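Okay, thanks for coming, everyone. I've got one structure to walk you through today, so let me put it up on the screen.

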Amino acid sequence: IGHGSLVPPEPRYSVFSANTRYQLQTKDGANIFIRTSGPAQSDGTIHLRIQFETGSSQYWWLNNIIAVGILKAGNGYVAIDAWQLESPRPENWTHS
């Protein structure tokens with residue numbers, strides 16, 4: 001079940017900003033709450049900040065990730081491609 005609100009464009013800049021909430025239940029019965037927000041882009045996509053919350057020990061790791069996504073609207077649906085951000089490994093760091 002998803003729920004979202006449309007935030008009116010900022011009058012000075014005419015920028016649309018998404019502010020959505022989703023409640024998912026996995027096949028094994030865990031509940032995962034997802035919160036997204038972010039600005040629309042000139043190409044019609046919306047860049048999202050994504051936050052996950054769950055009390056499930058199986059999916060607890062979701063509470064500690066940083067995720068970003070790109071939302072594309074379709075005819076009666078939305079699709080979100082999402083990525084988890086991770087720090088580079090120390091062996092890949094470059095020193096200047």
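Let's start with one residue: is Thr 36 buried or exposed? Keep in mind that what you're looking at is a predicted model. Thr 36 sits in strand E3, and its relative accessible area comes out at 2%. The cut-off for buried is under 20%, so Thr 36 counts as buried.

What does Thr 36 touch, once we leave aside its neighbours within four places in sequence? On one list we get Ala 18, Asn 19, Thr 20, Arg 21 and Tyr 22, and then Leu 48, Arg 49 and Ile 50 as well.

Okay, zooming out for a second. The protein has six strands and zero helices, so reading from the N terminus you just get β-β-β-β-β-β. Of its 96 residues, 23% count as buried.

How far can we trust it? The average pLDDT is 84, and 82% of the residues score at least 70. Confidence is lowest in strand E1, residues 2-10, with a mean of 54. E4 is where confidence is highest, at 95, and E4 is the strand I'd like to talk about next.

E4 covers residues 46-53, and it has two faces. Ile 46, Leu 48, Ile 50 and Phe 52 make up the covered face, while His 47, Arg 49, Gln 51 and Glu 53 are on the uncovered one.

Which strands does E4 pair with? With E3, residues 31-39, E4 runs antiparallel, joined by five bridges. Phe 33, for instance, has Glu 53 as its bridge partner in E4. Six residues lie between the two strands of that hairpin, and there Gly 44 takes a positive phi near 95°. E4 also pairs with E5, residues 66-73, again antiparallel and over five bridges. There, His 47 stands opposite Ile 70.

Now, the core. As a general point, nonpolar side chains in soluble globular proteins tend to be buried together. Here, the largest nonpolar core has 14 residues, and the ones touching the most other members are Ile 32, Ile 34, Leu 48, Ile 50, Phe 52 and Leu 62. Strands E2, E3, E4 and E5 each give two or more residues to this core. E4 gives the largest share, four residues.

Last one: Leu 48. Setting aside neighbours within four places in sequence, its contacts include Ala 18, Val 68, Leu 71 and Ile 80. Thr 36 is also among them, which brings us back to where we started.

How values were computed. Residues are numbered from 1 along each chain as its sequence is written. This is a predicted model: local features need pLDDT of at least 70, side-chain atom pairs count only at pLDDT 80 or more; totals for chains, interfaces and linings use all residues. Side-chain values use heavy atoms; hydrogens and water are left out. Buried means under 20% relative accessible area, exposed over 50%, partly exposed in between (1.4 Å probe, protein chains only). Two strands pair if DSSP finds at least two bridges between them. Contact means heavy atoms within 4.5 Å. A nonpolar core is a set of buried Ala, Val, Leu, Ile, Met, Phe, Trp, Tyr and Cys residues joined through side-chain atoms within 4.5 Å. pLDDT is the predictor's confidence in each residue, from 0 to 100.
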